[in-house]
Amino acid sequence: MIGQLFEAVQRHSGAPLPPQSVERDLVDYVPFKNERELVGILKDNRTVVLVADRLGSGRWTAALRLLTTLPGEPLTVRRIRRESGDSFSAEGLRGHKRTGWILDLRDTAESIPASCDFGLELQQRDDLDADDSYLVVLTSTHLWERTGHGAGHLARTPEPPDPADLFTAYAQSAGITDPLPWPQDHRLQKALRQLRPGQVKDWAQTLARAEAQYRAATGKEAEPNTEGFAKVLQVAAHAANGWMTELTEWHAQPDRTSYDRNYLLLAAVYDGTPIDNVHEKIDSLARAFKEKPEGSARPTGQQGPGLIQLAHQIHAEPQPDGTVRFAGPGYAEAVVRYFWRDRPELTEAFTKWTARLCLDLKAPRGPQLAQRMVPWALHHAQAARSTRLLHLTAEDWAQDDTLAPHAHDLLVAAALDPQIGQLTRNAFTRWAANTDSSPRFLQTLARVCETLTPAHPEQMLRRLGELAQSPKNGVADAVGAAIEALWRSDDLRPQLRARLDEWFASDHERLQHSAASAFLHLALQRDPSGALILLDASRETDHQWVIRGWRGALESDQPSPLTLRAGAAWLDAAASHPETKEQVTTTLVRAVHDARATACAATASSTSPGSPDTG
């Protein structure tokens with residue numbers, strides 16, 4: 001998952017998209033019906049706008065296809081980095097030769113300011129001509145109708161290929177040896193006609209998993225016009241619809257007990273893997289939900305159902321190795337999502353229980369469970385359009401060193417998601433200000449902001465500033481460590497300096513403390529030769545900035561351990577490298593002098609005539 005998150009951040013950061021990532025996205029591409037028209041618009045105008053109503057319409061893959069098949073030397077494909085609500089100027093693309101730009105406005109929260117004449121900007125092609133570059137814009141119908149005035153000739157809605165052709169390509173890529181008979185079935189034809197390209201892909205992948213499961217269970221192929229073919233098709237249909245009808249019917253059985261429901265949920269959490277001390281785990285889950293005992297005591301010996309009976313009660317098949325095979329692909333996740341929707345008042349208790357379970361299970365099962373829960377929580381957030389579950393899960397996982405990286409991954413994935421990305425990034429502000437947010441969670445959130453800064457620099461630096469105002473233990477240091485890590489980027493360094501200047505000049509003591517912490521982290525940073533990087537500030541403007549940083553760090557009443565470490569490192573450098581002695585001495589003396597002058601001025605102000613009586 002780390003590699004996927006890195007690619008996602010890189011995609012949003014404006015860096016060139018890795019060729020292998022582009023190839024992977026296009027591996028089962030089927031041309032749109034109007035692809036030739038789209039190519040013509042792009043060649044004639046250097047720009048084309050792909051408009052659609054909803055996600056999953058194929059705009060991203062269409063953009064990649066257009067930009068990677070133009071004649072001439074291959075283009076370097078980049079996604080334009082921007083914050084939601086930013087304006088757009090064609091001049092910002094200047095200077096990148098033979099580049100294929102993608103301006104991605106698909107996020108439902110995207111907007112373009114009214115002051116930006118977007119349609120006119122898209123017709124400014126001089127810079128694209130000079131660089132021999134091209135631009136593909138991906139947007140929604142609603143946004144384009146509000147902002148695309150005068151540029152209607154650039155916009156088209158990609159016409160998806162025949163659903164059967166698309167399904168065949170996706171199914172073959174997913175591993176089905178002979179995909180042709182499937183889309184010819186009248187039941188699947190009816191379903192495919194209602195689906196967008198992205199949904200067709202999901203259907204094909206689901207069918208491939210259902211067919212593989214059928215072969216594993218029966219040892220037979222699902223041949224056309226056989227019972228097996230119909231069964232695989234039915235299972236795939238249930239899975240594609242999230243198993244909602246089947247789970248509703250199962251839960252509605254009049255003799256269904258809480259013991260049954262808790263075992264179903266437990267088996268789903270374990271994703272069919274063997275469960276040690278199953279009755280103890282069911283009892284533990286019941287206690288987490290504060291359930292009243294339905295019987296006299298927890299079953300012991302041969303009291304209560306055994307593993308085979310329990311498996312059959314949830315319509316699963318027990319296997320000789322202790323695992324259970326669910327009714328079909330995606331069933332385990334569907335059970336958990338059903339629970340989240342059906343029992344929202346138990347969501348917090350369940351996330352705390354699963355966090356403890358992740359810790360109780362020995363590696364690798366505990367981390368595997370946490371990693372499995374990440375996409376489940378994401379899918380729930382997408383469906384509910386809510387960040388509550390994300391917050392609860394990340395808050396619980398952040399309390400443990402083993403699970404904190406998974407909390408980080410969950411929030412990064414959510415913040416980059418095209419459906420809930422803006423919603424999640426906005427929630428960071430609320431979480432940072434929430435007095436109930438734990439120090440460990442806020443420290444994890446600082447690391448999340450660090451990871452996301454290359455993709456959303458302005459927004460994430462603001463979020464780091466909000467976190468810097470937290471009085472919670474260790475949060476300011478986490479912000480400082482994030483700034484230190486980001487400082488290595490030449491592109492981000494000017495923005496980081498400007499942000500630290502704002503924090504130093506702020507009236508908020510906590511912001512000043514975070515600025516000092518961030519500066520001291522930088523003061524300890526070394527280049528590959530081992531030299532302190534801030535000692536290489538040869539220009540006067542840089543030197544003044546370094547002095548200001550030291551002044552801010554020395555203004556506190558008592559030096560922190562970090563201040564002492566940084567001061568010792570600089571004095572050691574002066575002793576070890578005589579050529580730096582004058583610079584170190586001048587910098588620290590001026591910083592101390594300025595810090596004392598500031599303190600004296602503050603004291604004089606507080607005791608001057610007309611100041612409040614402090615006695």
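Helix axes here are lines fitted to C-alpha atoms over the stretch in contact, and the angles run from 0 to 180 degrees between N-to-C directions. With that in hand, here are some exercises on this predicted model.

**Exercise 1. Work out how helix 27 and helix 29 pack against each other.**

Step 1: get the two descriptors. Packed helices are described by the angle between their axes and the distance between the axes. For helix 27 (residues 509-523) and helix 29 (residues 561-576), the angle is about 30° and the axes are 9 Å apart.

Step 2: classify the angle. Angles under 35 degrees count as roughly parallel. Helix 27 and helix 29 are therefore roughly parallel to each other.

Step 3: add the handedness. The crossing of helix 27 past helix 29 is left-handed.

Step 4: find who does the touching. Helix 27 brings Ser517, Leu520, His521 and Ala523, while helix 29 answers with Leu562, Thr563, Ala566 and Trp570.

**Exercise 2. Check the length of helix 17 against its residue count, then find out how covered helix 17 is.**

Step 1: do the length check. Helix 17 covers residues 331-342, which is 12 residues, and at 1.5 Å a residue it should span 16 Å. The expected span uses one less than the number of residues. The end C-alpha atoms sit 16 Å apart, so the check comes out fine.

Step 2: look at burial. Helix 17 is mostly covered, with 9 of its 12 residues buried. Those buried residues are Tyr331, Ala332, Glu333, Ala334, Val335, Val336, Tyr338, Phe339 and Trp340.

Step 3: ask what does the covering. The elements over the buried residues of helix 17 include helix 13 (244-251), helix 14 (258-269), helix 18 (347-360), helix 19 (365-384) and helix 20 (388-397).

**Exercise 3. Lay out the sheet of 5 strands and place strand 4 in it.**

Step 1: write down the strand order. The sheet is open, pairs in parallel, and reads 2-3-4-1-5. Strand 2 (76-79) and strand 5 (155-156) are the edges, since each pairs on one side only.

Step 2: find the helix that packs on the sheet via four strands. Helix 4 touches strand 1, strand 2, strand 3 and strand 4, and its direction makes about 170° with that of strand 4. In helix 4 (residues 59-68), 7 of the 10 residues are buried, so helix 4 is largely enclosed by the rest of the structure. Its buried residues are Arg59, Trp60, Ala62, Ala63, Leu64, Leu66 and Leu67.

Step 3: add helix 3. Helix 3 (residues 35-45) lies across strand 1, strand 4 and strand 5, and runs at about 140° to strand 1.

Step 4: pair up strand 4. Strand 1 (residues 47-52) joins strand 4 in the parallel sense over 6 bridges, with Leu50 partnered by Leu138 of strand 4. Strand 3 (residues 99-105) also runs parallel to strand 4, through 6 bridges. There, Gly100 has Tyr134 of strand 4 as its bridge partner.

Step 5: check the two faces. In strand 4 (residues 134-140), 7 of 7 residues are buried. One side carries Tyr134, Val136, Leu138 and Ser140, the other Leu135, Val137 and Thr139, and both faces are covered.

**Exercise 4. Decide whether two loop residues, Lys290 and Ser438, are buried or exposed.**

Step 1: take Lys290, in the loop between helix 15 (278-288) and helix 16 (307-313). Its relative accessibility is 74%, so Lys290 counts as exposed; the cut-off for exposed is over 50%.

Step 2: take Ser438, in the loop between helix 22 (421-433) and helix 23 (439-452). Ser438 has 13% relative accessibility, so it counts as buried. Leaving out residues up to four places away in sequence, Ser438 touches Glu395 and Gln399.

Step 3: add a distance. Lys290 and Gln558 are 268 residues apart along the chain, and their C-alpha atoms are separated by 49 Å.

**Exercise 5. Sum up the whole protein chain in a few numbers.**

Step 1: count elements. The protein chain has 30 helices and 7 strands.

Step 2: box it. Along the principal axes, the C-alpha atoms fill roughly 90 × 75 × 50 Å.

Step 3: add burial and contacts. Of the 615 residues in the protein chain, 48% are buried. Among contacts between residues at least 6 apart in sequence, 73% join residues at least 24 apart.

Note on methods
Residues are numbered from 1 along each chain as its sequence is written. This is a predicted model: local features need pLDDT of at least 70, side-chain atom pairs count only at pLDDT 80 or more; totals for chains, interfaces and linings use all residues. Side-chain values use heavy atoms; hydrogens and water are left out. Helices (H or I, at least four residues) and strands (E, at least two) are DSSP runs, numbered from the N terminus. Buried means under 20% relative accessible area, exposed over 50%, partly exposed in between (1.4 Å probe, protein chains only). Contact means heavy atoms within 4.5 Å. Two strands pair if DSSP finds at least two bridges between them. Angles under 35 degrees count as roughly parallel, over 145 as roughly antiparallel, 65 to 115 as roughly perpendicular and the rest as oblique. A crossing is left-handed if the near helix is turned anticlockwise from the far one by less than a right angle, and right-handed if clockwise.
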